[in-house]
Amino acid sequence: MLSPLAYHQMAVEYFRRNEPVWNFFASPKHQKEQLQDFKVNLLKSTYKFDEAGHPVLFQQLETAKQALGLSIPVYVYQAEHATEMNASIVYLNEEAHIVFTGKLIEVLSTEELLAILGHELSHVLLYRQEGGAIEVVDRIVTAIGAHSDATPAHYETARLFQLYTEIFCDRGACLATKDHRPIISSLVKISTGLQSVNADSFVKQSEEVFANDALTKTSGLSHPENFIRARALALWQTKGQGAEPEIQKMIEGHAGIDELDLFKQLHISEITRKTILCVLGEERLRTPPVLALAAQYFGKLQVDEVVDPVILGQATELLHASLKDYLAYVLYDFATADKEVEELGLGRSFQLADDLKIQEAFSAAVKKEQKLTDKKVATLRKNVLKAYQQQPSVEA
């Protein structure tokens, strides 16, 4: 059986720590009333399929349910007036309601219909895992992502959670069809309106995208682009769990400072904390102005905590250029926080910039802030490093 992706599990762990928010969204209050109102409104604006009139649809529905191990009631509808082809599902109080829009059913083959049903029912499969915790997180991230006061990190977290959900559901569809091709061809039909699609050709087309640009990542708001979903599914069928790092790279890419979700923010916050501790590892820099600056970042720091900058550099070397620029300015702020030890601070910071693999970013920050030429930055670097290295070390 399918397991939630790592991002789903990380989101559950993160939001469970915020008990008031978790308890609010986990409350089952009003679910029965919600279901009754939903059913009434749905019946007013759709045609409800029945088994007698649509035996193939219900045969494929049963096949999908068995493949996913689901035994809940499932109802299927065709929306009125909608022209865009799509399918969606609502899961309330142990009932699932699938709604088709546009002429989707008319253009799908029998296997493609099974793929769509398997995909939609996989939302239910996902929601029922972790004791229903993932369904709670889905509602949390949907709410915070749509809130007018949401930060970019909240929005990015909601976006990525939804993208990974689509990847999971494509895998569920594959359990139903036993073949990735109907899933891919149905995706392309929905997005293009074509009545005939060669799935193998589209997978090759997807591989060509990445062959020409290895840094390609999704920019889709709630669904990854079809070429990414096609490649992710093909990779998963070929490599299984071994495909996860490559799929993560396609979904998340090399995140810059403006693309951080809540979890990457925590990661960068920890890197920042350790960078500051590296600066404060030189006891002579623990002057009142420098310690006051450290307190502005993190309040009380355990300044005696030892951080190896070379080991930290293994993480900082992999960061996006914008994040290296950010860390460079953190170093520069501490280097110049106390004019009485500025030469020592600059020497320490140039040394740390080397260890953290952000030499170019730090030199650029010094050049900009002190209005120096490249040659003068190089001279300054040489002089302050020499002065720092010649002074007796007072490491904590």
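Contact here means heavy atoms within 4.5 Å. I need that before anything else in this notebook. Also to keep in mind: I am looking at a predicted model.

**Entry: E244 and helix 12**

I started with E244, which sits in helix 12, residues 244-252. Leaving out residues up to four places away in sequence, E244 touches L5 and R171. Is E244 buried or exposed? Its relative accessibility is 19%, and the cut-off for buried is under 20%, so E244 counts as buried.

E244 has company in helix 12: I247, M250, I251 and E252 are buried too. I then looked up what those buried residues pack against, and got helix 1 (6-16), helix 8 (152-177), helix 10 (199-212), helix 11 (226-239) and helix 13 (262-280). Just after helix 12 comes G253, with a positive phi of about 65 degrees.

**Entry: helix 1**

Helix 12 led me to helix 1. Its buried residues include Y7, H8, A11, V12 and F15. Looking down the axis of helix 1, I find the buried residues within an arc of 140 degrees, so they line one face of the helix. A note to self on helices: an α-helix has 3.6 residues a turn, so residues three or four places apart point the same way. On the other side of helix 1, I found A6 and E13 exposed.

The cover over the buried residues of helix 1 includes helix 2 (19-26), helix 6 (110-128) and helix 7 (133-146). Helix 8, helix 12 and helix 13 also belong to that cover.

**Entry: the cores**

Which residues have the most contacts inside the largest nonpolar core? They are F15, F100 and L121, in a core of 77 residues. Helix 8 gives the largest share of this core, twelve residues. I had already met F15 as one of the buried residues of helix 1.

I listed the contacts of F100 next, again skipping residues up to four places away in sequence. F100 touches F49, V76, Y77, Q78, A79, N86 and A87, among others. I105, L113, I116 and L117 are also among the residues F100 touches. Apart from this core lies another one, of 41 residues, and Y332, V341, V384 and Y388 are among them.

**Entry: helix 19**

V384 and Y388 made me look at helix 19, residues 374-390. Its 17 residues should span 24 Å at 1.5 Å a residue, and the end C-alpha atoms are 24 Å apart, which agrees. Buried in helix 19 are V377, L380, V384, L385, A387 and Y388. Seen down the axis, these fall within an arc of 165 degrees, so they line one face of helix 19. The face turned away from that buried side carries K375, K382, K386, Q389 and Q390, which are exposed. Helix 17 (342-355) and helix 18 (359-370) are part of what covers the buried residues.

**Entry: cysteines**

How many disulfides are there? The count comes to zero. I checked C174 to see why. Its sulfur is 13 Å from the closest cysteine sulfur, in C169, and a disulfide needs the pair within 2.5 Å, so that is too far for a bond.

C174 lies in helix 8 and is buried, with a relative accessible area of 5%. Leaving aside neighbours within four places in sequence, C174 is in contact with D179, H180, I183, L233, W236 and Q237. I also looked at A67: it is 107 residues from C174 along the chain, and their C-alpha atoms are separated by 9.5 Å. Another cysteine, C278, is buried at 2% relative accessibility.

**Entry: odd phi values**

Two residues other than glycine caught my eye. H81 has a positive phi, near 70 degrees. I found H81 in the loop between strand 2 (74-79) and strand 3 (86-92), exposed at 77% relative accessible area. K357 also has a positive phi, of about 65 degrees. K357 is in the loop between helix 17 and helix 18, and its relative accessible area of 38% makes it partly exposed.

**Entry: the UniProt record**

Last, I checked the annotation. An unreviewed UniProt entry gives "domain: Peptidase M48" for residues 61-125. In the model, that span is 43% helix and 31% strand, and its end C-alpha atoms lie 14 Å apart.

Conventions:
Residues numbered from 1 in each chain as written. Predicted model: local features only at pLDDT ≥ 70, side-chain atom pairs only at ≥ 80, totals over all residues. Heavy atoms only, no water. Helix = DSSP H or I, 4+ residues; strand = E, 2+ residues; numbered from the N terminus. Expected span 1.5 Å × (residues − 1). Buried < 20%, exposed > 50% of the residue type's maximum accessible area, 1.4 Å probe, protein only. Arc of directions from axis to C-beta. UniProt positions renumbered as here; feature names shortened; annotations may be inferred. Core = buried A, V, L, I, M, F, W, Y, C linked by side-chain atoms within 4.5 Å.
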